[in-house]
Amino acid sequence: MAADTALRVLLVGEIDAGLRLGLDRVNERRLVDLRETSAAGVEEAVDVWAPDILLVALGVAEEGGPDLLRHWRHLLPDADAVVVRRGETDVRTAEWLRAGAFAVVGRPVEPDELAEELERAAERVRLRVENRQLRRQLDAPRRFPAIVGQSKKMLELYELVGAVAGSDANILVLGDNGTGKELIANAIHAHSARAEGPFIKINCAALPKELIEAELFGYRRGAFTGAFTDKAGLLAMAEGGSLLLDEIGEMPSYLQAKLLRVLQEREFRPIGSDRSVRVDFRLICATNVDVEAALREGRLREDLYFRINTITVRVPALRERLEDLAPLCQHFLALYNARHGRSLRGLNPAAYHRLMQHRWPGNIRELENVIERGVLVARGQDLLPEDLPESVVASSGGGPISPDLLPATATLAEIERMAILQALQRTSWNKQEAAQQLGLYRPTLYSKMKKHGITSPPRARRRLAVDVPSESPA
């Protein structure tokens, strides 16, 4: 549950004046999405709606009530429960707490007490969600050690890859040149049930079109001039494993038709053979083309497209995940320091600022080349703006950076603070939009604002007070 979303409350039972006033108190500080149901309707409500809080109110039988709550908490492990009950005996309260209630409010209901308990429950839910996000941030690098990045978009990508890798479904990986599509394909294969099998790759754009068929299907001796021996094709070599067809949009149309037949029948004939070969592999395709345009222009067959994109994985461009720029720079610095026998410590803040301003049309591959060049030409212990290619310097403005914008002694932490402030100012202190521009989860933005001592101006604080009770992440 984020601070900019409504607090979802499922009221089980009947509402009375005290409950209504308590919910009104909460609504003064945050938006509440309230839905009502009976005890018999909870399971149906949960199937179509995931509440943050169960508010168990009047009308739910006292006898057996805790057992019902225990069942509902099993259905909603991430939600909290606040119970309103008749009487205030310690024994009955303890039964509700053991059944999974976060708080028990007696009747008659004191509106301020109910509002306080609902706010406390909402904070617990928020912390639970944030902790789950932080665990994903910590777990992702361990699961995918070859991929660098912990931005919001990359965490979402890791989650999708982890969810689909174990299946045998065909996967289409989309992304601009240099984004790391092959790394994603490697991760899918490595986390699949076929990880012990071969992973065969072919770049359809790197081979002459007349050779792709022979590479894929193989051939028999004498099938054509120069075929002096039998040759196994990549389809056969991928038996029991995975096959990556990179840049499938460059495959000739007639071969796309043959590939479609292989996917449908799971068999093929090598060139010059009169016998079919059974094959078992998992297909992963990748392309950087505009798929819709390729379909319109006939470069990609529609029937093949629907067969290969059972699951589509989109790899974000570097400009969409600039939060990952610093760890990527450190990764490539370490790599090329070791490869070229250098010992650069890091990037000068002014050089890092230039990189942040560049649009990165070549994505990760371009960044890697920029850092390798810097390692080779740098004369000091840090990579300086003059060690960057002219294309990067020109695209970021090229001129000297104002001392007011970036002091000569600025640290990376100060640059981060500046980037956050600029994003907040660009969005008129709309933290959701600023977080999206920075590639951050909103709770992470709040954490960084607190770290750097950034607070909203008075006007923004007054506006936020209508929807959000404080500056804490939610």
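A salt bridge is counted here where a side-chain nitrogen of Lys or Arg lies within 4 Å of a carboxyl oxygen of Asp or Glu. In this predicted model, that rule is met by the side chains of Arg120 and Glu117, with N and O 2.8 Å apart. Both residues belong to helix H5 and sit three residues apart, about one turn of the helix. Their surroundings can be told apart by accessibility: Arg120 is partly exposed at 42%, whereas Glu117, at 12%, is buried.

In total, the count comes to 15 salt bridges. Helix H5 takes part in another of them, in which Asp112 pairs with Arg25 at 2.7 Å between the closest N and O atoms. Because Asp112 lies in helix H5 (residues 111-143) and Arg25 in helix H1 (residues 17-29), this pair ties together parts that are 87 residues apart in sequence. Asp112 is partly exposed, with a relative accessible area of 43%, and Arg25 is also partly exposed, at 26%.

A further salt bridge joins Arg319 and Asp176, whose closest N and O atoms are 3.5 Å apart. Arg319 is found in the loop between strand S14 and helix H13, and Asp176 in the loop between strand S6 and helix H7, so the contact links parts 143 residues apart in sequence. Asp168, Arg194 and Asp280, in turn, are joined into one network by salt bridges that share partners.

Turning to the strands, five of them form an open, parallel sheet in the order S2-S1-S3-S4-S5. Its edges are strand S2 (32-37) and strand S5 (103-106), each pairing on one side only. Strand S4 (residues 80-85) pairs with S5 over four bridges, and Val84 stands opposite Val105 in S5.

Note on methods. Residues are numbered from 1 along each chain as its sequence is written. This is a predicted model: local features need pLDDT of at least 70, side-chain atom pairs count only at pLDDT 80 or more; totals for chains, interfaces and linings use all residues. Side-chain values use heavy atoms; hydrogens and water are left out. Two strands pair if DSSP finds at least two bridges between them. Helices (H or I, at least four residues) and strands (E, at least two) are DSSP runs, numbered from the N terminus. Buried means under 20% relative accessible area, exposed over 50%, partly exposed in between (1.4 Å probe, protein chains only).
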